[in-house]
Each structure stands twice: as structure tokens, then as C-alpha cells.
Amino acid sequence: MARQGRSADWGFPRWRGYESAREAAPVRLCDRAGCNEKGECPAPKSPNSPERWYFCVAHASEYNQGWNYFEGLDKEEAELREKAERGEASGYAQSAYQAWAGPGDGSRSRDEMRALEALGLEVDADFEAVRKAWRSKAKEVHPDVRPGDKEAAAEFLKLQTAYEVLRAAEERREWKGSDGA
């Protein structure tokens, strides 16, 4: 006859929780040497590698500071990879939709950042500063002021496009009721 082992059932249901077990739950520790925190943030060991490190939140942010996802790619390959990543991660754009953030804190799109750069403004510039910069720069290179100058016309078109991008973004923010305050 088989020997009776210890039972987890003490005979009365209220003495144990539902779905409880005596086995230890597996916990993966941070892969950083000397860290005993829970490693729940996967990070690639090298570019384009399926192998992953698993860091705690503090060491994951430290690891990601120096990471360049587009390293070794030329401009066209980087744009293709960015487009593919945006397609796969489009569901994460919900915070911009919900307007959880204001200007200057990561809520501006890449197009808005390029437009601010074209106008020579900082990333946290408000729309009034955008309007002033656009007016002053557009007056210098306007086709009526410099007729026949192809470089000035191209610069004016660039400034006009930048202003339109920023104006549309500002209208979206106002329409949602988020004025950045």
C-alpha cells in the first residue's frame, strides 16, 4: 500500500483560498549583476537580435538611454523601419488622443518637431511664439519681396508648410479642450 503524503486540504474549505497552492511562483530577477529586483522589462541584447535581457524598471531605463535603434542603417532603411514600427505600435498613440500630456513633454509628433526646427524654435514653444517666428521669417523670403529668387521661394514654402503643420496641431489641441495647461 502507498504511503499517505501530506495533504494541502485540511478538511474545511474556508481554511484555504481558492486556487491556492504551496508551490513557489517563478520570478525572473533583473539580469543586471547584483540587482535583486524583479526583471520584467525585456531589452534586446543587440540590434536585430531575438535574444533579450530582462531588467528591472530602473536598469531598463538606464540601458535604453544609450540605445540607438537605427544605428547602422541608412536614411531610407531607417524610415522604412520607423514606418513599420509605427504601424505595429499604432495602438500606443492613445495617450496623444486622450491629451494626457502638454507641449514640450513628448506629446509633439516628429513632424511638429521638424516644423519647430525649421522655424528655429525650442520644443516647448507655444503657438504665439510659432506665429511670431513664422511672420518674421516669412517676411524676409516672401516671393513678393524677393521676386525671381528660387531659393527664397523654396525657403518660404518650407516655412509655410511648417506653420501649417503646427497650426493644425494647435487646432487639434484646442478642439480637444487641452491648451497645454
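The charged end of lysine 45 sits over the ring of tryptophan 53, at 4.6 Å from the ring centre. This contact is a convenient entry into the structure, which is a predicted model. Tryptophan 53 also takes part in an aromatic cluster, together with Phe55 and Tyr63.

Aromatic contacts are a good place to continue. The model contains 4 aromatic pairs. In one of them, tryptophan 53 and phenylalanine 55 are stacked, with 6.2 Å between the ring centres and 25 degrees between the planes. The two partners differ in their surroundings: tryptophan 53 is partly exposed, at 31% relative accessibility, whereas phenylalanine 55 is buried, with a relative accessible area of 6%. The latter value is under the 20% limit for burial, while that of tryptophan 53 lies in the partly exposed range. Tryptophan 53 thus carries the charged end of lysine 45 over its ring and stacks with phenylalanine 55.

A second stacked pair is formed by tryptophan 134 and tyrosine 163, whose ring centres are 4.3 Å apart and whose planes meet at 15 degrees. This pair links distant parts of the chain, with tryptophan 134 in helix H5 (residues 127-141) and tyrosine 163 in helix H6 (residues 150-176), 29 residues apart. Both tryptophan 134 and tyrosine 163 are buried.

Burial also gives helix H4 its character. Within this helix (residues 110-118), the buried residues are Glu112, Ala115, Leu116 and Ala118. Viewed down the axis of H4, these buried residues fall within an arc of 160 degrees, and they therefore line one face of the helix. After H4 comes glycine 120, which has a positive phi, near 75 degrees.

Attention now turns to charged side chains. The structure holds 8 salt bridges. One of them joins arginine 131 to glutamate 128, with 3.2 Å between the closest N and O atoms. Because arginine 131 and glutamate 128 are 3 residues apart in helix H5, about one helical turn separates them. Both ends of this bridge are accessible in part: arginine 131 is partly exposed at 26% relative accessible area, and glutamate 128 is partly exposed at 40%. Helix H5 is also the helix that contains tryptophan 134 of the stacked pair described above.

Another salt bridge brings together the side chains of arginine 146 and aspartate 149, at 3.8 Å from N to O. Arginine 146 is partly exposed, with a relative accessible area of 38%, and aspartate 149 is partly exposed as well, at 29% relative accessibility.

Helix H6 offers a further example. Here glutamate 171 forms a salt bridge with arginine 167, the closest N and O atoms being 2.7 Å apart. The two residues both lie in H6 and are 4 residues apart, about one turn of the helix. Glutamate 171 has 42% relative accessibility and counts as partly exposed; arginine 167, at 28%, is also partly exposed. The bridge belongs to a wider arrangement, since Glu164, Arg167 and Glu171 are linked in a network of salt bridges. Helix H6 thus holds the bridge between glutamate 171 and arginine 167, as well as tyrosine 163, the partner of tryptophan 134 in helix H5.

Definitions and conventions
Residues are numbered from 1 along each chain as its sequence is written. This is a predicted model: local features need pLDDT of at least 70, side-chain atom pairs count only at pLDDT 80 or more; totals for chains, interfaces and linings use all residues. Side-chain values use heavy atoms; hydrogens and water are left out. Rings of Phe, Tyr and Trp (its six-membered ring) pair if their centres lie within 6.5 Å; planes under 30 degrees apart count as stacked, over 60 as edge-to-face and the rest as tilted. Buried means under 20% relative accessible area, exposed over 50%, partly exposed in between (1.4 Å probe, protein chains only). A charge sits over a ring if NZ of Lys or CZ of Arg is within 6 Å of the ring centre and within 35 degrees of the ring normal. The arc is that of the directions from the helix axis to the C-beta atoms. A salt bridge is a side-chain nitrogen of Lys or Arg within 4 Å of a carboxyl oxygen of Asp or Glu.
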